[in-house]
Amino acid sequence: MSTTTLAPIAELVRESATTSNPEILQWVTEVAELTQPDAVYWCDGSQDEWNRITSEMVESGSLIPLNMNLRPGSFLARSNPSDVARVEDRTFICSENEADAGPTNNWVAPDAMRAELMPKFQGSMRGRTMYVVPFSMGPVGGAITQLGVEITDSPYAVLNMRIMTRMGQAALDGILPGGEWVRTVHSVGAPLEAGEADVEWPCNDLKYITHFPETLEVWSYGSGYGGNALLSKKCFALRIASVMGKNEGWLAEHMLLLKLTNTETGKDYHLSAAFPSACGKTNLAMLQPTIPGWKVETIGDDIAWLRPGTDGRLYAINPEAGFFGVAPGTGETTNPVAMDTLWGNTIFTNVALTDDGDVWWEGMTDSVPAHLTDWQGNSWTPESGRPAAHPNSRFTVPIQQTPTLSQDWFEHDGVPLDAILFGGRRATNVPLVAQSRSWNHGVFMGATISSEKTAAQEGTVGELRRDPFAMLPFCGYNMADYWGHWLEMGEQLGEQAPRIFQVNWFRKGDDGRFLWPGFGDNSRVIDWVIRSVEGEYEGRETPIGIVPADGQLNLSGIEEVADDLDEIFEIDPKSWLAEADMTEEFFAQFGDRLPAALNAELEGLRKRLGA
Ligand code: GTP
Ligand code: MN
Ligand code: MN
C-alpha cells in the first residue's frame, strides 16, 4: 500500500489498521486528524493486549495491582476526586428537533453542539495514544445484537470496555460496509505537551456527554469515569439504542434479566425488571431463593434489549459482558453471589486498599479493618470520620465469573420473556406486588415509577421523584413518544406479550422499618408472579391492580411477616387519589405528545378508586 500521499496522522491510522472497511478507516482517520494523538492502536481484545495495557498503567501509576494471592489479576484505580459519577447536567441529546429530545432531556441542536465541541476535541489527544475499540453488544451476528466502535485516549476505558463488552477483532470484522454501527468518541480532554508528565487520572473540569441520535454518534469529553467514558453502556446501550429501537421496532431498557426454572416441572421462564439506579437490580439479578421449587440464574443486571421474534413473542438479551456495580453495600450477607464473582480479574475504582493489598468498602464485611488506605490514597482508620470507599465506588468484572450465570446469556437470539416487573423505592402507598390489568395498564405502571423524596434531598418530603421505566436519565428521545412506542409494542405482541407487574420491596411501617424482608425472600414474590402467569395462583382485584389472594403468597419460614401483610398490601384510596393528581401534573409537561391511552389509564384508576 502506498502511503506517501497521506498526511502523517492518516498514515498512522492506515499502518496500524486491522480492518479494510473504508467507512471505519475514514471515520478513524477524521477523528485522529481532529484529536492529533501521538499513536494509534487498534484493540484486538486479546489477553496479551490486556497484560500489556495493565503493565503500562501500573508502570505509570494509574493502576495499583492487588495482592495476587488474595485478588488475582485485579487492579485498583483512583479517580480524580472531582470525577466520580455520571454528570446528568452535562449530558445532552442533540436531536435535530428539540421536541424529539423531550422535556426530560438537556437539548442542544446538533450543529450548535458540534460548533462548541469540536474545538475542544481539536488536539485533545496530543501526547497520548488513541485506542480504537471495536465491540459487540450481544453475541456477534445475533438477532438483537448491535455493533459499535469507541475511540478513546483512556487506557482505563479500554480495559473496562474489554470486560463490559465483547470487544475485539470479531466485533470489528462484524461491521460490514454499508451496515449499521454506532460511532463513539471519548477523550479525557487532557493533552500532554512534549515532556509533560501525566497524572494518575487525567480529566478536564469541563465535561460534555453528547448524543447524536440521528447519526448514531456519541461524543464524550472531559471525564474518565464509567458512565461517561464506557460509551457502550448508558450512552449507546440506552440513549442511542432507545432511539434505534423506536425506529426499528425494538426496546432498549434499564432492566435486569433472569432465568427461572421450576424444579418440579423443569419448565423455564424469563423475567426482566426495571428499577431506578440503587433500587436493587444487581441484587435481584443474583437472587438466592429462600423457598424451594425454584432455580434462579443470572443473565443481566442493568441493561436488556427486547425485540419481537419470528414466533411473535418478545425476546431479550443482556447486551453487556460484565458488571459495573456499586461496591458499597455489597457483602456476604446482602449479595454473596456478587462477592463470589469478584474473586479476581476485577478492576476496582475508588474503593479502599487494605494493608495486605486487597480491597475493602463500607458494607463488605461486618468488621471494619483497623487501618486502610482510603479511596483518595490517604491513611484511614475507623476514627477518621469519613468513608474509606467513595459511596459510588465500583467494580468491573466479567459476567462469566458469576457462579449463577445462565447459559442463556450466550443465547444467540435471546430468550422469550414471560414477565416484566417495574419497581421503585416507595416507603408508602405501593403494595409489595400487583399485576397490571392489561399491557396498557402495565405501561402506565412503568410510566409512573417513583420514589419519595427524603429529608436528604431538596424539595418537599413525600413529594414523588418520578423515574419512568427507570429511564429518566437514559431515554434518548421524547419520553411521551417512548411510552407510545411501548403501547404499540403491546398491540403488536397481543396475547403473546409478557405480563407486567409492579413491585415494591421498600414499604415501611410507622416505626420506619422495612415491612418486607426483601433480598432472597423476594423469591416468594417471583413465585407468585410466575404462578400467576401460569394461571395457577389466584389474585384479588384492587383499584391499582391484582394482588395475591389470601394465602397465595408463600410465607413458610417467615410466618412473622403475616402480621404485617395487611400493611404491606394496604391501598389507601385517599393517598392514591392524591398520587393520581401528581401523575396528572407529571404527565402535563408532555402536552399533546402524551399518548391518550395513558390518560385513559389515569382516569380508569381514579374511577376504580371511587373518584
Ligand atoms: P444501578 O446499577 O445503579 O442501575 O442500580 P441497581 O438497581 O443495580 O441498584 P443496586 O442493586 O446496586 O441497589 C442496591 C441498594 O438496594 C442497596 O442499598 C440494597 O441494600 C438495596 N436493596 C436491594 N434489594 C433490596 C431488598 O429486597 N430490600 C431492601 N430493603 N433493600 C434492597
Ligand atoms: Mn446495578
Ligand atoms: Mn444502571
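This briefing describes a metal site, aromatic and charged side-chain pairs, and one strand with its partners. The structure is a predicted model, and every value below is computed from it. Its manganese ion (ligand 3) takes its protein donors from Lys-234, His-254 and Asp-302, and two of these residues, Lys-234 and Asp-302, also belong to a network of salt bridges together with Lys-233 and Glu-320. Across the structure there are 27 salt bridges and 30 aromatic pairs.

**Manganese site**

- The manganese ion (ligand 3) is bound through NZ of Lys-234, NE2 of His-254 and OD of Asp-302, with these donors lying 2.2 to 2.3 Å from the ion.
- The donor residues follow the spacing K-x19-H-x47-D along the sequence, and the pair Lys-234 and Asp-302 links distant parts of the chain, with Lys-234 in helix α9 (residues 232–248) and Asp-302 in the loop between β14 (294–300) and β15 (304–308), 68 residues apart.
- A further manganese ion (ligand 2) is separated from the manganese ion (ligand 3) by 5.2 Å.
- Lys-234 is buried because its relative accessibility, 7%, falls under the 20% limit, and Asp-302 is likewise buried, with a relative accessible area of 10%.
- Besides serving as a donor to the manganese ion (ligand 3), Lys-234 lies over the face of Phe-474, at 4.5 Å from the ring centre.

**Salt bridges**

- Lys-233 and Glu-320 meet through their side chains in a salt bridge of 2.9 Å, N to O; Lys-233 lies in helix α9 and Glu-320 in the loop between β16 (314–317) and β17, so this pair ties together parts that are 87 residues apart in sequence.
- Lys-233 and Glu-320 are both buried, and they are linked with Lys-234 and Asp-302 in a network of salt bridges.
- Arg-593 and Asp-481 form a salt bridge at 2.8 Å, N to O, which links Arg-593 in the loop between α16 (573–588) and α17 (596–608) to Asp-481 in helix α13, 112 residues apart.
- In that pair, Arg-593 is partly exposed, with a relative accessible area of 31%, whereas Asp-481 counts as buried at 18% relative accessibility.
- Glu-584 and Arg-606 meet in a salt bridge at 2.6 Å, N to O, and this pair links helix α16, which holds Glu-584, to helix α17, which holds Arg-606, across 22 residues.
- Glu-584 is partly exposed, with a relative accessible area of 42%, while Arg-606 is buried at 12%.

**Aromatic pairs and a charge over a ring**

- Tyr-41 and Tyr-131 form an edge-to-face pair, 6.1 Å centre to centre and with 75 degrees between the planes; Tyr-41 lies in strand β1 (residues 39–42) and Tyr-131 in strand β5 (residues 129–137), so the pair ties together parts that are 90 residues apart in sequence.
- Tyr-41 is partly exposed, with a relative accessible area of 22%, whereas Tyr-131 counts as buried at 7% relative accessibility.
- Phe-422 and Trp-486 also pair edge-to-face, with 6.0 Å between the centres and 65 degrees between the planes, and because Phe-422 lies in strand β25 (residues 419–423) and Trp-486 in helix α13 (residues 479–493), the pair ties together parts that are 64 residues apart in sequence.
- Phe-422 and Trp-486 are both buried, and they belong to one aromatic cluster that also includes Trp-439, Phe-469, Tyr-477 and Tyr-482.
- The charged end of Arg-90 sits over the ring of Tyr-208, 4.7 Å from the centre of that ring.

**Strand β23 and the loop after it**

- Strand β23 (residues 394–398) is largely enclosed by the rest of the structure, because four of its five residues are buried.
- Strand β17 (residues 322–326) pairs with β23 in the antiparallel sense over five bridges, and in this pairing Val-326 stands opposite Arg-394.
- Strand β18 (residues 347–349) pairs with β23 in the antiparallel sense over three bridges, with Thr-349 standing opposite Arg-394.
- Thr-402 is found in the loop between β23 and β24 (415–416) and counts as buried at 4% relative accessibility.
- Leaving aside neighbours within four places in sequence, Thr-402 is in contact with Thr-298, Phe-323, Val-337 and Thr-341.

How values were computed. Residues are numbered from 1 along each chain as its sequence is written. Chains are lettered from A and ligands numbered from 1 in the order in which they are written. This is a predicted model: local features need pLDDT of at least 70, side-chain atom pairs count only at pLDDT 80 or more; totals for chains, interfaces and linings use all residues. Side-chain values use heavy atoms; hydrogens and water are left out. Donors are N, O and S atoms within 2.8 Å of the metal (3.2 Å for Na, K and Ca); water is not among the atoms, so sites may look incomplete. Helices (H or I, at least four residues) and strands (E, at least two) are DSSP runs, numbered from the N terminus. Buried means under 20% relative accessible area, exposed over 50%, partly exposed in between (1.4 Å probe, protein chains only). Rings of Phe, Tyr and Trp (its six-membered ring) pair if their centres lie within 6.5 Å; planes under 30 degrees apart count as stacked, over 60 as edge-to-face and the rest as tilted. A charge sits over a ring if NZ of Lys or CZ of Arg is within 6 Å of the ring centre and within 35 degrees of the ring normal. Two strands pair if DSSP finds at least two bridges between them. Contact means heavy atoms within 4.5 Å. A salt bridge is a side-chain nitrogen of Lys or Arg within 4 Å of a carboxyl oxygen of Asp or Glu.
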